[in-house]
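Reader: Could you walk me through some charged pairs and a serine in this model? I would like to follow the reasoning step by step.

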Amino acid sequence: MRQQDPDYAALARFRHALRKFLAFSEAAAGAAGLTSQQHQALLAIAGLSQGGALSIGELAEILILRHHSVVELVDRLGKLSLVERMADPSDGRRVLVRLSEAGRQKLQVLSETHLKELAAIGPTLSELLQAFRG
């Protein structure tokens, strides 16, 4: 199937909207003293873990990063006192990472900001997605 100009326009507008949100997110993380990747890691631990903790391997898979890169990321978050390491109670060889109280507080502030931004741009994103239905 050959794409038509309206398809390209819809894709371009949608990618532009996503890039604007990502730029907003990076700026918000920076204002909170974090990199975008650090913010993403905190969000993954809080939102995608069972029982509030993820292994380094699980976090690497979610963030689509190599294991050693996530070890370094967790090291930096640990130095900021935003995460804590703990032994996996079911497998003492595995290390789990969970948010500290400071990490939960920082993530809460960032999430409130992000949810407000998504509420503001949600109608635009919904409208752009309509072009792909059908």
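Reader: Happy to start with accessibility: is Asp88 buried or exposed?
Author: In this predicted model, the relative accessibility of Asp88 is 8%. The cut-off for buried is under 20%, so Asp88 counts as buried.

Reader: Thanks! Which residue does the side chain of Asp88 meet in a salt bridge?
Author: Side chains of opposite charge can pair when their charged atoms come close. Here the N to O distance is 2.9 Å. The partner is partly exposed, at 33% relative accessibility. The side chain that meets Asp88 is that of Arg94.

Reader: How many residues apart in sequence are the parts that Asp75 and Arg85 tie together?
Author: Good one to look at in the viewer! The side chains of Asp75 and Arg85 form a salt bridge, 2.7 Å from N to O. Asp75 sits in helix α4 (residues 67–79) and Arg85 in strand β2 (residues 83–88), so the pair links parts whose separation in sequence is 10 residues.

Reader: And where is Ser100 found?
Author: Let's place Ser100 by its surroundings. Ser100 is buried, with a relative accessible area of 7%, and touches Ser81, Leu82, Val83 and Glu84, leaving aside residues up to four places away in sequence. As for its position along the chain, Ser100 is in the loop between β3 (91–99) and α5 (101–130).

Reader: Which residue has its backbone nitrogen 3.1 Å from a polar atom of the Ser100 side chain?
Author: A polar contact needs N or O atoms within 3.5 Å. The backbone nitrogen lying 3.1 Å from the side chain of Ser100 belongs to Gly103.

Key. Residues numbered from 1 in each chain as written. Predicted model: local features only at pLDDT ≥ 70, side-chain atom pairs only at ≥ 80, totals over all residues. Heavy atoms only, no water. Helix = DSSP H or I, 4+ residues; strand = E, 2+ residues; numbered from the N terminus. Buried < 20%, exposed > 50% of the residue type's maximum accessible area, 1.4 Å probe, protein only. Polar contact = N/O pair within 3.5 Å; in protein donor to acceptor, adjacent residues only side chain to side chain. Contact = heavy atoms within 4.5 Å. Salt bridge = Lys/Arg side-chain N within 4 Å of Asp/Glu carboxyl O.
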